[in-house]
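I opened the notebook to record what I looked up here, beginning with helix packing and then turning to the metal sites.

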Amino acid sequence: MSDILDIRDLTLAFKGHRGLTEVLHGISLRIAAGERVALVGESGSGKSVTARIILGLLQETGSARVAGQVAFDGRDIMAMHPRDRAALRGTEMSMIFQDPTSSLNPTFTIGRQFAEVMHRRAPRLSRTACNARATEMLEEVSIPDPARVLDAYPFQLSGGMNQRVMIAMALVNHPKLLLADEPGTALDVSVQAQTLRLMHDLVEDHGTAVLFISHNLGVVREFADRVYVIYRGRIVEEGATDAVFHAPGHAYTRALMDAVPRITGVGLPEVPEVSDAFLAPMVRHGSAS
Amino acid sequence: MSLLRINGVSKTFQTAGGPVHAVRDVSLEVAQGECLAVVGESGSGKTTLANMILGILAPSAGEIVFGGTPLTDRRSPAQRRAIQLVQQNPLSALNPKRSVGGSVRLGLDVYGIGTRAERWARVEAALEEVGLPADMRRRGPAALSGGQRQRVGIARALACEPDLVVLDEPTSALDVLVQARVLRLLNDLRRKKGLTYVFITHDLAVVRNVADRVAVFKSGRLEEIGPTERIFSAPEQPYTRALIGAVPVVDDAELKLRNTLAEAP
Ligand SMILES: Nc1ncnc2c1ncn2[C@@H]1O[C@H](COP(=O)(O)OP(=O)(O)OP(=O)(O)O)[C@@H](O)[C@H]1O
Ligand SMILES: Nc1ncnc2c1ncn2[C@@H]1O[C@H](COP(=O)(O)OP(=O)(O)OP(=O)(O)O)[C@@H](O)[C@H]1O
Ligand SMILES: [Mg+2]
Ligand SMILES: [Mg+2]
């Protein structure tokens with residue numbers, strides 16, 4: 001029972017002009033302390049909303065109807081006061097958002113935003129100490145010129161630089177749980193590898209658990225201990241990374257694996273018709289962990 | 001014939017901390033109907049180059065020639081319609097106050113594409129082509145997933161019936177099945193309508209399967225450019241080799257190719 005995150009039967013619907021749109025149909029997912037778990041699947045299947053529920057953000061959105069159990073470190077996130085949930089964000093759990101512009105403030109310099117994040121954990125940290133620590137973190141994510149980046153506004157940085165800034169900010173307070181939503185999409189493969197190594201070390205050194213959301217199955221294979229596959233708001237397969245990659249059991253997982261473009265240049269994959277088999281019951285691989 | 005010619009183009013940004021040389025003396029050509037991939041280091045000037053092709057930024061030096069005519073920062077509506085951009089960052093690319101269908105329709109209205117009566121049908125068809133249900137057009141961008149927004153960006157660019165599309169990480173938020181569908185759509189349009197693409201991406205496996213030629217960037221410079229086949233089998237620059245040697249892969253044939261490149265001198 002050392003789960004840092006335990007989600008059971010989570011459902012989500014959005015209220016729109018034409019009634020409710022159901023998005024999550026009862027998903028269950030758990031992450032042990034220090035475990036690296038990947039969530040992969042279809043675009044629009046519910047990965048980012050799941051992360052936003054864990055963070056306690058969607059519960060505060062008027063149009064969202066959230067139900068089910070979400071326990072973080074033994075605490076019931078669903079029953080928590082919004083103020084207490086807010087206190088967890090950026091300290092005990094942090095998130096790398098899929099879209100850097102949605103979490104970086106366009107009107108403040110990176111240095112100022114970095115200090116704000118550090119002050120959530122250590123309110124008295126001096127300006128020089130903040131700067132030194134931020135510089136160190138930016139170096140760790142392969143930012144070649146940290147001084148320039150700390151003085152810059154987000155629009156003055158490239159897509160991948162903003163993404164690395166967010167990664168550095170998410171790691172600086174050593175959270176217990178890191179929610180990483182497509183953290184490497186704007187990074188070249190060398191920087192991506194470096195960043196993954198950094199996340200890996202963090203997990204080892206500080207026992208941080210990671211929920212890793214990614215469409216890049218090659219990266220998932222290298223990074224994750226365990227994988228959940230999601231399709232249209234349902235988990236369709238779960239298991240140790242090796243098991244899922246070597247013996248994908250669900251039709252959707254198999255279609256996904258077959259469609260990964262290869263650097264050997266065998267041509268674009270065929271796109272299978274959406275099949276009823278994609279809606280078949282979940283496949284669970286023997287509980288290895 | 002080359003549709004796009006980039007002649008000795010540089011871009012320097014003046015910032016509080018001094019000048020930033022984002023693009024340094026880059027020259028390259030893109031033929032009509034070609035797909036040129038632009039890959040390389042993060043921060044190497046790819047998006048800056050895209051913005052110059054679109055006329056969003058003016059080069060500090062050099063010129064950009066499109067269809068034989070040098071482009072200035074005052075472009076005719078026809079020139080603007082002819083070159084479309086799919087932005088790297090889908091959220092900032094879409095107006096939060098407009099429905100996503102409205103965003104797609106805007107281009108049709110501005111450039112007078114189709115009759116007024118048929119424009120909504122065109123919007124819905126454009127969305128369906130990228131795998132989005134037609135009725136999603138009424139939603140705002142905040143009510144879409146990352147990959148759905150990215151596809152709206154692609155639908156919007158294609159709906160303008162451009163000649164050249166600059167795609168800046170157009171499929172980074174898509175699962176591989178939806179990605180394959182979108183890439184096939186782009187290929188079909190190239191074949192049927194002779195569209196030309198500048199395809200910026202970090203995904204080398206995608207490059208291997210869609211591009212005719214590849215341009216490799218590092219620190220604002222063009223490191224190397226050549227046919228896709230050659231870049232992957234015999235990269236000339238150590239940087240290119242390192243890049244391909246670091247791609248995360250899923251099968252053994254790929255692993256073998258990657259290791260050969262990583263081991264080569
Ligand atoms: N408006 C600006 N003001 C100052 N510097 C800028 C501006 N826009 C870009 N830069 C700088 O120019 C360089 C190139 O940025 P660009 O966005 O073109 O990179 P990129 O190759 O697209 O990278 P990525 O793969 O990370 O998206 C970076 O060092 C960036 O900080
Ligand atoms: N505010 C909203 N109102 C209505 N539907 C919404 C809203 N926000 C998200 N959705 C829908 O919920 C579904 C799940 O969205 P989510 O962002 O979790 O997808 P995702 O799995 O992260 O996809 P991607 O890989 O494309 O980022 C999507 O189909 C999306 O259209
Ligand atoms: Mg998402
Ligand atoms: Mg860019």
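Are α4(A) and α5(A) roughly parallel or roughly perpendicular to each other? I kept in mind that this is a predicted model, and I looked up the axes of helix α4 (residues 110-121) of chain A and helix α5 (residues 127-140) of chain A, which pack at an angle of about 105° with their axes 10 Å apart. An angle of 65 to 115 degrees counts as roughly perpendicular, and α4(A) and α5(A) are therefore roughly perpendicular to each other. I then listed the residues that make the contact: α4(A) brings F114(A), A115(A), M118(A) and H119(A), while α5(A) brings C130(A), R133(A), A134(A), M137(A) and L138(A). By class, I noted seven nonpolar residues, one polar and one charged in the contact of α4(A) with α5(A).

Next entry, a second helix pair in chain A. I found that helix α7 (residues 159-172) of chain A and helix α8 (residues 189-206) of chain A pack at an angle of about 5°, their axes being 12 Å apart. Angles under 35 degrees count as roughly parallel, and α7(A) and α8(A) are therefore roughly parallel to each other. On the α7(A) side I wrote down R164(A), I167(A) and L171(A), which meet V191(A), T195(A), L198(A), M199(A) and L202(A) in α8(A). The contact of α7(A) with α8(A) divides into six nonpolar residues, one polar and one charged.

Next entry, the metal sites. For the magnesium ion (ligand 3), I found coordination by S48(A) through OG and Q98(A) through OE1, at 2.0 to 2.3 Å. S48(A) sits in helix α1 (residues 47-54) of chain A and Q98(A) in the loop between β6 (93-96) and α3 (100-103) of chain A, and the pair links distant parts of the chain, 50 residues apart. I also checked the exposure of S48(A), which is partly exposed with a relative accessible area of 21%.

For the magnesium ion (ligand 4), the protein donors are T47(B) through OG1 and Q88(B) through OE1, lying 2.0 to 2.2 Å from the ion. T47(B) lies in helix α1 (residues 46-54) of chain B and Q88(B) in the loop between β6 (83-86) and α3 (90-93) of chain B, so the pair ties together parts that are 41 residues apart in sequence. T47(B) is partly exposed, its relative accessible area being 29%.

Last entry, the record. The unreviewed UniProt entry carries the annotation "domain: ABC transporter" for residues 5-257 of chain A. Over residues 5-257 of chain A, I noted 41% helix and 28% strand, with the end C-alpha atoms 27 Å apart.

Note on methods. Residues are numbered from 1 along each chain as its sequence is written. Chains are lettered from A and ligands numbered from 1 in the order in which they are written. This is a predicted model: local features need pLDDT of at least 70, side-chain atom pairs count only at pLDDT 80 or more; totals for chains, interfaces and linings use all residues. Side-chain values use heavy atoms; hydrogens and water are left out. UniProt positions are given in the numbering used here, feature names are shortened, and annotations may be inferred rather than shown by experiment. Helices (H or I, at least four residues) and strands (E, at least two) are DSSP runs, numbered from the N terminus. Donors are N, O and S atoms within 2.8 Å of the metal (3.2 Å for Na, K and Ca); water is not among the atoms, so sites may look incomplete. Buried means under 20% relative accessible area, exposed over 50%, partly exposed in between (1.4 Å probe, protein chains only). Axes are lines fitted to C-alpha atoms, for helices over the stretch in contact, and angles run from 0 to 180 degrees between N-to-C directions. Angles under 35 degrees count as roughly parallel, over 145 as roughly antiparallel, 65 to 115 as roughly perpendicular and the rest as oblique. Contact means heavy atoms within 4.5 Å. Ala, Val, Leu, Ile, Met, Phe, Trp, Tyr, Cys and Pro count as nonpolar, Asp, Glu, Lys and Arg as charged, and the others, Gly among them, as polar.
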